[in-house]
Amino acid sequence: MKTIKLIFAIMAAMVLAVSCGQKKAQKVLVLYYSQTDNTKLVAEDIAGKLGADIERIEAVNPYDGDFMQTIERCMQERKDGVIPEIMPLKSKIAKYDVIFIGYPIWFGTYAPPITKFLQEVDLSEKIVVPFCTFGSGGLESSMADLVNVQPNAQIIAGYGVRAARLDAMPAEVDQFLKENGFISGEYVKLGAFPEPHEVSEAETAIFDAATGDYPMMHAKAKMVATREIPNGTEYFFIAEDQPREAREDMPPAGELQVYVNVVGDEKPVFTKVVR
Ligand SMILES: Cc1cc2nc3c(=O)[nH]c(=O)nc-3n(C[C@H](O)[C@H](O)[C@H](O)COP(=O)(O)O)c2cc1C
């Protein structure tokens, strides 16, 4: 009898030890808005890797025009202070610990259906992970807006990718999810950039090759720092965008930070611009 009691006591202690040692599994929801399905691809990749629930946010009056029609509708709405209504969400936010929020960058921040969502929801105490797609950049500025409107959420520095670099996205998402502890596994820990120095001719040529055919930027590289990345080098340029005619649908002139990857013999590509 004593032996049986002892066995039960040991088993109970083992169950307790296991349950105390285990972190409660976090419930994760991936929510996103996407007009032309770039952000949808990222959302599906993240949800697939995490086994998370996923839902697309829809505008009641969808943005279903082409690029210029969307720009024009959006500019008019901004002028009129209109934020479009969205369809009610099926997901119950209260059920989740972690919310990934995905969006395309429109005019330097999240697209208006996300503005509406963030007005209607309270993300206090939730872990919030922004992710986005863009022509040239906007992760940092959209994150600053997100912090302003949801000051009590625990917002993690997010992931952003250019629409032109979606091929690189699955590997970058893998690295991002590992770095932030959402999945386990080996990943490359990148070193910090050293202090920038004045650009050389060769570095200017790399900058020009990476940015020259991008119509929204007419910039001149001034300073640079580099660090090693898998199979190549990442350049962090400080550049000056040249003044041009002021237009609401064009980014302003001024100082830019431009990140450029050079991998093997491939043409240099810029990965993001921070304005
Ligand atoms: C109205 C509008 C405004 C945009 N503004 C920006 C911008 O400010 N900066 C940028 O880098 N890209 C901008 N873009 C490009 C989109 O962010 C990019 O194409 C994105 O990948 C689209 O994502 P989606 O396919 O999920 O809708 C804009 C696109 C549209 C339609």
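The questions and answers below concern a predicted model of a protein chain with a ligand.

Student: How many helices and how many strands does the protein chain have, and what share of its residues counts as buried?
Tutor: The chain has 275 residues, of which 42% are buried. Among its contacts between residues at least 6 apart in sequence, 68% join residues at least 24 apart. The secondary structure comes to 7 helices and 12 strands.

Student: How many salt bridges are there?
Tutor: Side chains of opposite charge can pair when their charged atoms come close. The cut-off used is a Lys or Arg side-chain nitrogen within 4 Å of a carboxyl oxygen of Asp or Glu. By that rule the number of salt bridges is 12.

Student: Which residue forms a salt bridge with Glu 77?
Tutor: Glu 77 is buried, at 11% relative accessibility. Glu 77 and its partner are 4 residues apart in helix 3 (residues 67–80), which means that about one helical turn separates them. The closest N and O atoms of the pair are 2.9 Å apart, and the partner is Arg 73.

Student: How many residues apart in sequence are the parts tied together by Glu 85 and Lys 116?
Tutor: Lys 116 is buried, with a relative accessible area of 12%, whereas Glu 85 is partly exposed at 46%. Their side chains form a salt bridge, with 3.5 Å from N to O. Glu 85 belongs to the loop between helix 3 and strand 3 (98–106) and Lys 116 to helix 4 (residues 112–120), so the parts that the pair ties together are apart in sequence by 31 residues.

Student: Is Glu 234 buried or exposed, and which residue is its salt-bridge partner?
Tutor: Glu 234 is in strand 10. Its relative accessible area is 9%, under the 20% limit, so Glu 234 is buried. Beyond its neighbours within four places in sequence, its contacts include Phe 193, Ala 225, Tyr 259 and Val 260. The N to O distance in the salt bridge is 2.9 Å, and the partner, also buried, is Arg 227.

Student: What is the nearest side chain of opposite charge to Glu 203, and how far away is it?
Tutor: Glu 203 is found in helix 7 (residues 201–211). Glu 203 is buried yet has no salt bridge. The nearest side chain of opposite charge belongs to Lys 220, at a distance of 12 Å.

Student: Which backbone nitrogen lies 2.9 Å from a polar atom of the Glu 203 side chain?
Tutor: Leaving out residues up to four places away in sequence, Glu 203 touches His 197, Glu 198, Val 224, Tyr 235 and Phe 237. The backbone nitrogen at 2.9 Å from a polar atom of its side chain is that of Ser 200.

Student: Within what arc do the buried residues of helix 7 fall?
Tutor: The buried residues of helix 7 include Glu 203, Ile 206, Phe 207, Ala 210 and Thr 211. Seen down the helix axis, they line one face, because they fall within an arc of 110 degrees.

Student: Which residues on the other side of helix 7 are exposed?
Tutor: The buried residues of helix 7 pack against strand 8 (197–198), strand 9 (219–229), strand 10 (232–241), strand 11 (254–263) and strand 12 (269–274). On the other side of the helix, the exposed residues are Glu 201 and Ala 202.

Student: Which residues come nearest to the ligand?
Tutor: There are 20 residues around the ligand. Backbone N or O atoms approach its oxygen atoms from Asp 37, at 3.1 Å, and from Gly 135, at 3.0 Å. Of the surrounding residues, the nearest are Ser 34, Thr 36, Thr 39, Ile 105 and Ser 136.

Student: What is phi of Phe 107?
Tutor: Phe 107 is in the loop between strand 3 and strand 4 (109–110) and is partly exposed, with a relative accessible area of 26%. A backbone N or O atom of Phe 107 lies 3.0 Å from a nitrogen atom of the ligand. Although Phe 107 is not glycine, its phi is positive, near 50 degrees.

Student: Where is Asn 231, and what is its phi?
Tutor: Asn 231 sits in the loop between strand 9 and strand 10. At 68% relative accessibility, Asn 231 is exposed. Asn 231 is not a glycine, yet its phi is positive, at about 65 degrees.

Methods. Residues are numbered from 1 along each chain as its sequence is written. This is a predicted model: local features need pLDDT of at least 70, side-chain atom pairs count only at pLDDT 80 or more; totals for chains, interfaces and linings use all residues. Side-chain values use heavy atoms; hydrogens and water are left out. Helices (H or I, at least four residues) and strands (E, at least two) are DSSP runs, numbered from the N terminus. Buried means under 20% relative accessible area, exposed over 50%, partly exposed in between (1.4 Å probe, protein chains only). Lys and Arg count as positive and Asp and Glu as negative; His and the chain ends are not counted. A polar contact is a pair of N or O atoms within 3.5 Å; within protein, one must be able to donate a hydrogen and the other to accept it, and residues adjacent in sequence count only if both atoms are side-chain atoms. Contact means heavy atoms within 4.5 Å. The arc is that of the directions from the helix axis to the C-beta atoms. A residue is near a molecule or strand if one of its heavy atoms lies within 4 Å of it.
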